[in-house]
Amino acid sequence: MNIGIIGFGYWGTNLVRNFALQKDADLKVVVDSRKERESVLTKLCPTATFSTSADELIKNKDIDAVVIATPVHTHFELAKKSLENDKHVLIEKPMVPSTEEANILIDLANKKGKVLMVDHTFLYTGAVKKMKELIDSGDIGNIKYFDSTRINLGLFQPDINVLWDLAPHDISILNYLINEKPRSVQATGVSHTNNGIENIAYINVNYDSGFMAHFSCSWTSPVKIRMMLIGGDKKMIVFNDVEPTEKIKVYDTGYDHKTDEEKKQVLVDYRTGDIFTPKLETKEALSGMAADFISAIKNNHSPLSDYNSGLEVIRILEATQISIKNNGKEVLVKQ
Ligand SMILES: NC(=O)c1ccc[n+]([C@@H]2O[C@H](COP(=O)([O-])OP(=O)(O)OC[C@H]3O[C@@H](n4cnc5c(N)ncnc54)[C@H](O)[C@@H]3O)[C@@H](O)[C@H]2O)c1
């Protein structure tokens, strides 16, 4: 199987490194419109050919699959052309800027019988796999809340706001861990530059069961925080992604409550027990993601981070966009 990658910038470099190491596929061509990237490719992967033309790659009959790692506003056209030219397609997160475009790509992939996948890298990390295992085993109990902070002094993106840049990670993890579909979102954000692109934003995602998710994203924090809290009614998980090894801690912490009918008061009993640090798989997530794409093509199965995963993320992001423009109004998430 022959692979081509379009976009050899920051993330494309990681993709090239990981696809070059896959046993079941050959990385044949890497495209970037910046000619100066050629010498970098020659050092990183001398067996791949460099080109500045995405069109040439997409029309190349020897290429079976295309990986798209360009800025978000280019994803739709490149993916659509690739599918029309009978290629399997892997798109970087966020998949595309609208659910309308996502649905067009999904219909096209189904019509052509091709794999369409989105790189939600976190789903392939040892930490997220462990959290899934803990939640599915019932160890954590009924999940009551999910609270994620993803802030640092980040690169201001010229075409997307901080939520479209950072929140796909949190939303894809949320959707993977929690089976319930969201009802609505409320989001607020602010742009401190004069281009109207929010650099700080907050989202609440609301669910019918009373489970609630909250995200805080910023490119303007002096410290880097990558912290996720997941509260169950038996135990609680803290995922601290800046920790080098002990990323996940499971707290045997909880509370019971009863109502004193006479005093019309809720009485809360707290419980704090042991803290457990599970062992995590350390394999590079991007390598697992690349292997899943190749295996989905070879064995005709749906990858973990499939187009539905991509679409569900876009549905929430699209609703946040409307909410932000309407000062935090509750907006229903399309189903
Ligand atoms: N999965 C992750 O964890 C992760 C992390 C970072 C970025 N990303 C995603 O990867 C994508 C790229 O982000 P980045 O940070 O690497 O951006 P980048 O600007 O560093 O790289 C993009 C590259 O694409 C090239 N390019 C743009 N349009 C092109 C075209 N039409 N044809 C050929 N080359 C073209 C540019 O020259 C540039 O080198 C985005 O969708 C981003 O959200 C994903």
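This is a short tour of a predicted model, with a list of things to select in your viewer and what you'll find at each stop.

**Stop 1: the ligand**

Start by selecting the ligand and the residues around it. There are 20 residues in that shell, and Trp-11, Asp-32, Arg-34, Lys-93 and Thr-121 come nearest. Try colouring the shell by class: you should get 8 nonpolar, 7 polar and 5 charged residues.

Now show the backbone atoms too. Which distances should you look for? Pick Tyr-10, where a backbone N or O atom lies 2.9 Å from an oxygen atom of the ligand. Do the same for Thr-70, and the distance from a backbone N or O atom to a ligand oxygen is 3.4 Å. At Lys-93, a backbone N or O atom is 2.8 Å from an oxygen atom of the ligand. How much of the ligand does the protein bury? On its own the ligand exposes 860 Å², and the protein buries 79% of that.

**Stop 2: a cis peptide bond**

Stay with Lys-93 and add Pro-94 to your selection. The peptide bond that runs from Lys-93 to Pro-94 is cis, with omega near -15°. Why stop for that? Most peptide bonds are trans. Zoom out a little and you'll see that Pro-94 sits in the loop between β5 (88-92) and α5 (99-112).

**Stop 3: the nonpolar core**

Next, head for the largest nonpolar core, which has 104 residues. To find your way around, select Ile-3, Phe-19, Met-95, Met-131, Phe-146 and Phe-293, the residues with the most contacts inside this core. Which helix gives the core its largest share? That's helix α7 (residues 162-177), with 10 residues.

Click on Met-131 and show what surrounds it. Apart from neighbours within four places in sequence, Met-131 touches Ile-173, Leu-177, Met-228, Ile-230, Ile-237, Phe-239 and Ile-248.

**Stop 4: two buried strand residues**

Select strand β13 (residues 248-260) and pick out Val-250. Is Val-250 buried or exposed? It counts as buried because its relative accessible area is 4%, and the cut-off for buried is under 20%. Leaving out neighbours within four places in sequence, Val-250 has contacts with Leu-134, Ile-140, Lys-235, Met-236, Asp-274, Ile-275, Phe-276 and Pro-278. For a sense of scale, draw a line from the C-alpha of Val-250 to that of Ala-290: they are 30 Å apart in space and 40 residues apart in sequence.

Then jump to strand β10 (residues 212-218), home of Ser-216. With a relative accessible area of 12%, Ser-216 is buried as well. Its contacts, again without neighbours within four places in sequence, are Ser-148, Thr-149, Arg-150, Ile-151, Ala-201 and Tyr-202.

**Stop 5: two loops with a twist in the backbone angles**

Finish with phi angles. Most residues other than glycine have a negative phi. Now select Lys-264, in the loop between β13 and β14 (265-276). Its phi is near 55°, a positive value in a residue that isn't glycine. Lys-264 is exposed, with a relative accessible area of 69%.

For your last click, go to Asn-327, in the loop between α9 (307-325) and β15 (331-332). What sign does phi have at Asn-327? Positive, at about 50°, although Asn-327 is not a glycine. And is Asn-327 buried or exposed? Asn-327 counts as exposed because its relative accessibility is 74%, where the cut-off is over 50%.

Note on methods: Residues are numbered from 1 along each chain as its sequence is written. This is a predicted model: local features need pLDDT of at least 70, side-chain atom pairs count only at pLDDT 80 or more; totals for chains, interfaces and linings use all residues. Side-chain values use heavy atoms; hydrogens and water are left out. A residue is near a molecule or strand if one of its heavy atoms lies within 4 Å of it. A polar contact is a pair of N or O atoms within 3.5 Å; within protein, one must be able to donate a hydrogen and the other to accept it, and residues adjacent in sequence count only if both atoms are side-chain atoms. Accessible areas come from the Shrake-Rupley method with a 1.4 Å probe; for residues, only the protein chains shown count as cover. Ala, Val, Leu, Ile, Met, Phe, Trp, Tyr, Cys and Pro count as nonpolar, Asp, Glu, Lys and Arg as charged, and the others, Gly among them, as polar. A nonpolar core is a set of buried Ala, Val, Leu, Ile, Met, Phe, Trp, Tyr and Cys residues joined through side-chain atoms within 4.5 Å. Buried means under 20% relative accessible area, exposed over 50%, partly exposed in between (1.4 Å probe, protein chains only). Helices (H or I, at least four residues) and strands (E, at least two) are DSSP runs, numbered from the N terminus. Contact means heavy atoms within 4.5 Å.
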